[in-house]
Amino acid sequence: MDDLYRELIIDRYKNPRFRGELDPCDITFEDDNPLCGDRIRIDLRVDGEVVKEVAFSGRGCAISQASADLLSESIVGKTLDEVRQMSKEDILDMLGIELGPVRLKCALLSLKVLKAGVYGLGAASDELVE
Ligand code: ZN
């Protein structure tokens, strides 16, 4: 693993910029990754179609929490349609490291939760982050 990116992940895990809850919020969703025990909730405030505020809460491994923080930062100012189009590659680009299948589930949990919320689904599925 590249040291620079590893530092980024540890920094975001220890000092998240977007950790918190938005009450009230317009969109919220929560789910877990049973393989690792990660849990993420994402709250959004939107103005029309534009994401104005984001906060995430939850617990879990450094990769799951760091990816939630980076994802939160990346969607402020995006439209909901842009959020719907986000993919696995966007998360991997932000993290900047190669991940095996188990760690990939950790990294993609936040995007899965976010997209399930934005789509208004009752449950998050892996297909959301293909
Ligand atoms: Zn994990």
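# A tour from the zinc site outward

Along the chain, the donors of the zinc ion follow the spacing C-x1-D-x22-C-x44-C. The model is a predicted one.

**Stop 1: the zinc ion.** Select the ion together with Cys36, Asp38, Cys61 and Cys106. The cysteines each donate through SG, and Asp38 appears twice among the donors, both times through OD. These protein donors lie 2.2 to 2.7 Å from the zinc ion. Now colour by secondary structure and look at two of the donors: Asp38 lies in strand E2 (residues 38-47) and Cys106 in helix H5 (residues 101-119), so this pair ties together parts that are 68 residues apart in sequence. Add a surface and check whether these two donors are buried or exposed. Asp38 is buried, with a relative accessible area of 0%. Cys106 is also at 0% relative accessibility and counts as buried.

**Stop 2: Asp43.** Stay on strand E2 and select Asp43, which lies in that strand. Asp43 has a relative accessible area of 0%, so this residue counts as buried, the cut-off being under 20%. What does its side chain reach? Draw a distance to the backbone nitrogen of Leu22: the Asp43 side chain reaches that atom at 3.0 Å. Next show the residues around Asp43. Beyond those up to four places away in sequence, Asp43 touches Glu21, Leu22, Cys25, Ile27, Thr28, Glu53, Val54 and Ala55.

**Stop 3: the largest nonpolar core.** Select Ile42, Leu44, Ile63, Leu71, Ile75, Leu95 and Leu114. Of the 37 residues in the largest nonpolar core, these touch the most other members. Which elements each supply at least two residues of this core? They are strand E1 (27-33), E2, strand E3 (50-59), helix H2 (62-75), helix H3 (80-84), helix H4 (88-95) and H5. H5 gives the largest share of this core, ten residues.

From this group, pick Ile63. Leaving aside neighbours within four places in sequence, Ile63 is in contact with Ile9, Leu95, Ile97, Leu99, Arg103, Cys106 and Ala107. Cys106 in that list is also one of the zinc donors from the first stop.

**Stop 4: Ile9.** Follow the contact from Ile63 to Ile9. Ile9 has its place in helix H1 (residues 3-14), and at 5% relative accessibility Ile9 counts as buried. Not counting residues up to four places away in sequence, Ile9 touches Ala62, Ile63, Ala66, Leu95 and Ile97. For a distance check, select Ile9 and Met94: they are 85 residues apart in sequence, and their C-alpha atoms are 9.7 Å apart in space.

**Stop 5: the largest pocket.** Return to H5 and select Leu104, Lys105, Leu108, Asp126 and Val129. Among the 13 residues that line the largest pocket, these lie nearest its centre. The pocket holds about 180 Å³ of space. E1 and H5 are the elements that give two or more residues to its lining, and H5 supplies the largest share, six residues.

**Stop 6: Lys112.** Select Lys112, found in helix H5. Lys112 is at 13% relative accessibility and counts as buried. Which residues is Lys112 in contact with, leaving aside its neighbours within four places in sequence? They are Asp31, Ala124, Ser125, Asp126, Leu128 and Val129. Keep Asp126 and Val129 displayed, as they were selected at the pocket, where they are among the residues nearest its centre.

Methods: Residues are numbered from 1 along each chain as its sequence is written. This is a predicted model: local features need pLDDT of at least 70, side-chain atom pairs count only at pLDDT 80 or more; totals for chains, interfaces and linings use all residues. Side-chain values use heavy atoms; hydrogens and water are left out. Donors are N, O and S atoms within 2.8 Å of the metal (3.2 Å for Na, K and Ca); water is not among the atoms, so sites may look incomplete. Helices (H or I, at least four residues) and strands (E, at least two) are DSSP runs, numbered from the N terminus. Buried means under 20% relative accessible area, exposed over 50%, partly exposed in between (1.4 Å probe, protein chains only). A polar contact is a pair of N or O atoms within 3.5 Å; within protein, one must be able to donate a hydrogen and the other to accept it, and residues adjacent in sequence count only if both atoms are side-chain atoms. Contact means heavy atoms within 4.5 Å. A nonpolar core is a set of buried Ala, Val, Leu, Ile, Met, Phe, Trp, Tyr and Cys residues joined through side-chain atoms within 4.5 Å. On a 1 Å grid over the protein atoms alone, a cavity is a set of points where a 1.4 Å probe fits but cannot get out, and a pocket is an open set with protein on both sides within 12 Å along at least five of seven lines; lining residues have an atom within 4 Å of a point. Grid points are joined across faces, edges and corners, and a volume is the space filled by probe spheres set on the points.
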